[in-house]
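The following explanation leads the reader through a structure step by step, beginning with a single side chain and ending with the chain as a whole. Please keep the sequence and the structure in view while reading.

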Amino acid sequence: MNAPVSVEILRQHLIDPEICIRCNTCEETCPVDAITHDGVNYVVKADVCNACMACVPPCPTGAIDNWRNVLKAEAYSIDEQFGWDELPTQNPTVGAPAAYATPAASTASAGVDALQAAATQIDGDAAPGSGSDLVRGATVPPWSAARPYVQLYTHKAPTTATVVGNYRLTDASTESDIHHIVLDFGTMPFPVLEGQSIGILPPGKSADGRTHHARQYSVASPRDGERPGYNNVSLTVKRVTRDYSGNATDGVCSNYLCDLKKGDVVSVIGPFGNTFLMPNHPNSHLLMICTGTGSAPMRAMTEYRRRRRLKGATGKLMLFFGARTQQELPYFGPLMNLPKDFIDTNLAFSRTPGQPKRYVQDAMRERAVDVAQLLKDGNTHIYVCGLKGMEDGVLQVLGEIAQAHGMAWDALWERLKREGRLHLETY
Ligand code: FAD
């Protein structure tokens, strides 16, 4: 009689390339650096992932939540995953995957029964934690937020929109070229809420012959349209002409969008996002902190509140908005025209000639007493959007202000996350 052959089954964590919108959230969230990407796909290193699930709640599309039972020795390598256009099907002889993964591989004897037993053992292990302590912002929406629609249109079944407006927001003298683009969906339903984003599928193919993946853009208009009563949305798009290291490059989608003409038709997927949403109760306060195109969701929320200004409501709007110069600040003119008793606007410019550098954190410190008052109020909802680099600084200054005004920041931070009152979206 042959001795039983020992096999190890791995419940391998994979990312669906057809749904993933390459927003980088998973890679940033992963506490063990198991996720990486090339110019095309986001992938998971099988030998590093411990299935802690920290990356799952923040993923805006659910692409991250995919699992295949594989023989450990045959786990998909990252090079294989880089080449995928779609996920492989589950090999039925290795057992169907369960909803939640376990940290590692499991051992069993060979034979289908044994493999099934191994799969059962995997399923029976304690479900791993949500990893929410590793996530810096809320993974739940405000209690009073409207219910969002998500993923009505997908890579496989996108919809189209017609460009009805495209104009530059930043001064022509500046290098920063940011556009306000209005897309009309005609009679096609495309319901969005403030804080959600949409995906644009740029036409053409990359150097390796694959179709470009979608890029995500925050909606800059309120739920009832850029023009009330129209089925349209606006976007705030910065033309990418340099990569993060400052080298010259032509960003595929941002250049495509900024060059669009009235009447052009674009392919759209989404909407995306079910947590970065605004509260709907009238006395809720919005503390908004943004830089550059991070102003898009703030514009949407502010405009929604302006259109629905309720008599007697005490909800406050406080905005901290940073840019290099006033000429590079999108929507400067319209923002300055908003009544002072409607929104408390604080601008910070980091490159005004002859002036010291000033960042949003500096402006927040100057207004610490008022920020602290908002932090103490259970109706306050905080939104941070813009450059990736701003997150640390903003969280730090919120902590400093809280501590200086008698609030234990760690406990407050946890509460803000738990109650869907601290939302971060940086890219
Ligand atoms: P790519 O062709 O993808 O990249 C070209 C090169 O530039 C690459 O080396 C890349 O690493 C680098 N690069 C990419 N983006 C930047 C950048 N911002 N700065 C410097 N280098 C960069 N963008 C907006 O303009 N407005 C928005 O409202 C907006 N909302 C977003 C919301 C979410 C949730 C996310 C995840 C991203 C958002 N973005 C937004 C960024 C947007 O999705 C694209 O990443 C961006 O437009 C660049 O795409 P691209 O195709 O032009 O550049």
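**A tryptophan and its surroundings**

In this predicted model, a polar atom in the side chain of Trp-413 lies 2.8 Å from the backbone oxygen of Arg-136. Trp-413 belongs to helix H10. Once its neighbours within four places in sequence are set aside, Trp-413 is in contact with Arg-136, Leu-395 and Leu-422. Of these contacts, the one with Leu-395 joins positions 18 residues apart in sequence, and the two C-alpha atoms are 9.1 Å apart in space.

Helix H10 also leads to the nonpolar interior. In soluble globular proteins, nonpolar side chains tend to be buried together. The largest nonpolar core here contains 28 residues, and those with the most contacts inside it are Leu-287, Ile-289, Phe-320, Leu-375, Ile-382 and Leu-398. At least two residues of this core come from each of strand S12 (285-291), strand S13 (317-323), helix H7 (360-366), helix H8 (368-376), strand S15 (380-386), helix H9 (390-404), helix H10 (409-418) and strand S16 (422-426). The most is given by H9, which supplies 7 residues to this core. Leu-375 may serve as an example of the contacts made: not counting residues up to four places away in sequence, Leu-375 touches Ile-382, Leu-398, Ile-401, Ala-402, Met-407 and Leu-412. Another core, of 22 residues, lies apart from the one just described, and includes Ala-161, Phe-185, Val-233 and Leu-260.

The ligand offers a further point of orientation. The ligand is surrounded by 20 residues, of which Gln-216, Tyr-217, Thr-236, Cys-253 and Ser-254 are the closest. Strand S9 (215-218), strand S10 (232-238) and helix H4 (252-258) each contribute at least two residues to the shell around the ligand, and S9 provides the largest share, 4 residues. Which polar atoms of the protein approach the ligand? One is an N or O atom in the side chain of Arg-215, which is 2.8 Å from an oxygen atom of the ligand. The backbone takes part as well: a polar backbone atom of Val-252 is 2.9 Å from an oxygen atom of the ligand, and a polar backbone atom of Arg-242 is 3.2 Å from a nitrogen atom of the ligand. On its own the ligand has 930 Å² of accessible area, and the protein covers 78% of this.

The cysteines deserve separate attention. A disulfide is a covalent bond between the sulfur atoms of two cysteines. A search of the whole structure finds 0 disulfides. For Cys-59, the nearest cysteine sulfur is that of Cys-23, 6.2 Å away, and Cys-59 is in no disulfide. Cys-59 counts as buried because its relative accessibility is 18%, and the cut-off for buried is under 20%. Why does Cys-258 form no bond with the closest cysteine sulfur? That sulfur belongs to Cys-253 and is 9.4 Å from the sulfur of Cys-258, which is too far for a bond. Cys-258 is also buried, with a relative accessible area of 5%.

Finally, the chain may be viewed as a whole. The secondary structure of the protein chain consists of 10 helices and 16 strands. The protein chain has 427 residues, and buried residues make up 50% of them. Among contacts with a separation of 6 or more, 73% join residues 24 or more positions apart. The protein chain exposes about 19900 Å², of which carbon and sulfur atoms supply 52%.

Note on methods. Residues numbered from 1 in each chain as written. Predicted model: local features only at pLDDT ≥ 70, side-chain atom pairs only at ≥ 80, totals over all residues. Heavy atoms only, no water. Core = buried A, V, L, I, M, F, W, Y, C linked by side-chain atoms within 4.5 Å. Buried < 20%, exposed > 50% of the residue type's maximum accessible area, 1.4 Å probe, protein only. Contact = heavy atoms within 4.5 Å. Disulfide = S-S within 2.5 Å. Near = heavy atom within 4 Å. Polar contact = N/O pair within 3.5 Å; in protein donor to acceptor, adjacent residues only side chain to side chain. Areas by Shrake-Rupley, 256 points an atom, 1.4 Å probe, with all protein chains shown as cover.
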